[in-house]
Amino acid sequence: MTTALAPSFLIGARSPKQFPADTGLEVAFAGRSNSGKSSAINAITQRKGLARTSKTPGRTREINFFEVRDDRRLVDLPGYGYAKVSAAVRDEWRGLLEQYFRRRRSLRGLFVTVDIRRGIGDLDRVMLGWAEDAGVPAAALLTKADKLSRSAGLKRRDDIAATAPDGVPLLLFSAPRRLGVDEARAQLAEWLALA
Ligand code: GDP
């Protein structure tokens, strides 16, 4: 898959009632606020402005659905872990996400963006756990790998792997350097059966 995916925006859903019809296949992106989720989506789809890179972390509480092709979707889940949001917002976020993972029959894969310097956090584990419960495969994109040297990046990946959930591949990733982008696109294409 070498061409741009040209996804088009479908809807920003604030409740399950607003989710598009649960047919076909979709792949979701989750990640802590500021972990580089929007940058990763934009790099993988080669669309600069698709997912807005966040100026105000933690504000987006919508699940954004994009159509890549007939009945093939990308899903941008709301970022989490932003310290300044209220408990009410956190509960709302959790409820919406949990319902998404519980209900969504068309979900075929989950990418979690993890800042390589922070490693996998508690909320990342919650996401990965929900995906596992739903029988959905997941991969972690270790973002901002350009902030470390190549050898430090590899060492850090091994350290993260030591406590990562089983069966979750860890991919060194950098949006500006386009590191890991082709591999992530290949994984996306496989999950969405685009080949
Ligand atoms: P989001 O909140 O998870 O969607 O994160 P963004 O994609 O908005 O990125 C948060 C900040 O990290 C922005 O300033 C980005 O430019 C920066 N960023 C994202 N990915 C990378 C990366 O791979 N390398 C570097 N150096 N910076 C990145």
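This passage walks through the nonpolar cores, the aromatic pairs and the salt bridges of the structure shown above. The model is a predicted one, and residues are numbered from 1 along the chain.

A good place to start is the interior. The largest nonpolar core contains 34 residues. Within this core, the residues with the most contacts are Ile63, Leu77, Tyr100, Phe101, Leu110 and Met127. Several elements each give two or more residues to the core: the strands among them are strand 2 (25-31), strand 3 (63-69), strand 5 (107-115), strand 6 (138-143) and strand 7 (170-172), while helix 2 (87-103) and helix 3 (122-133) also take part. Helix 2 makes the greatest contribution, with 5 residues.

Leu110 offers a good view of how this core is put together. Leaving aside residues up to four places away in sequence, Leu110 touches Ala28, Ala30, Leu77, Phe101, Met127, Leu128, Ala131, Val136, Pro137, Ala138, Ala139 and Trp191. Leu77, Phe101 and Met127 appear both in this list of contacts and among the residues with the most contacts inside the core. There is also a second, separate core, made up of 22 residues and including Leu5, Leu25, Ala43 and Phe173.

Aromatic rings come next. A pair of aromatic rings is described by the distance of the centres and the angle of the planes. Searching the whole structure gives 9 aromatic pairs. In one of these, the ring centres of Phe29 and Phe111 are 5.0 Å apart and the planes lie at 25°, so the pair is stacked. Because Phe29 belongs to strand 2 and Phe111 to strand 5, this pair ties together parts of the chain that are 82 residues apart in sequence. Phe29 and Phe111 are both buried.

Another pair is formed by Phe101 and Trp130, whose ring centres are 6.0 Å apart with planes at 40°, so this pair is tilted. Here, too, distant parts of the chain are linked: Phe101 sits in helix 2 and Trp130 in helix 3, 29 residues apart. Phe101 is buried, at a relative accessible area of 3%, and Trp130 also counts as buried, at 11% relative accessibility. Phe101 and Trp130 belong to a cluster, joined through ring pairs, that also takes in Phe19, Phe65 and Tyr100.

Charged side chains complete the picture, with 10 salt bridges in the structure. Asp115 is a helpful residue to follow, and it counts as buried at 8% relative accessibility. The side chain of Asp115 meets that of Arg117 in a salt bridge of 2.9 Å, N to O. Arg117 is partly exposed, with 41% relative accessibility. Asp115 also forms a salt bridge with Lys144, where the closest N and O atoms are 3.9 Å apart. Since Lys144 lies in the loop between strand 6 and helix 4 (150-163) and Asp115 in strand 5, this bridge ties together parts that are 29 residues apart in sequence. Lys144 is partly exposed, its relative accessible area being 21%.

A further salt bridge joins Lys155 to Asp159, with the closest N and O atoms 3.0 Å apart. Both residues lie in helix 4, 4 residues apart, which is about one turn of the helix. Asp159 counts as partly exposed, at 36% relative accessibility. Elsewhere, Asp22, Glu26, Asp71, Arg73 and Arg104 are joined into one network by salt bridges that share partners.

Conventions. Predicted model: local features only at pLDDT ≥ 70, side-chain atom pairs only at ≥ 80, totals over all residues. Heavy atoms only, no water. Core = buried A, V, L, I, M, F, W, Y, C linked by side-chain atoms within 4.5 Å. Buried < 20%, exposed > 50% of the residue type's maximum accessible area, 1.4 Å probe, protein only. Contact = heavy atoms within 4.5 Å. Phe/Tyr/Trp six-rings, centres within 6.5 Å; stacked < 30°, edge-to-face > 60°. Salt bridge = Lys/Arg side-chain N within 4 Å of Asp/Glu carboxyl O.
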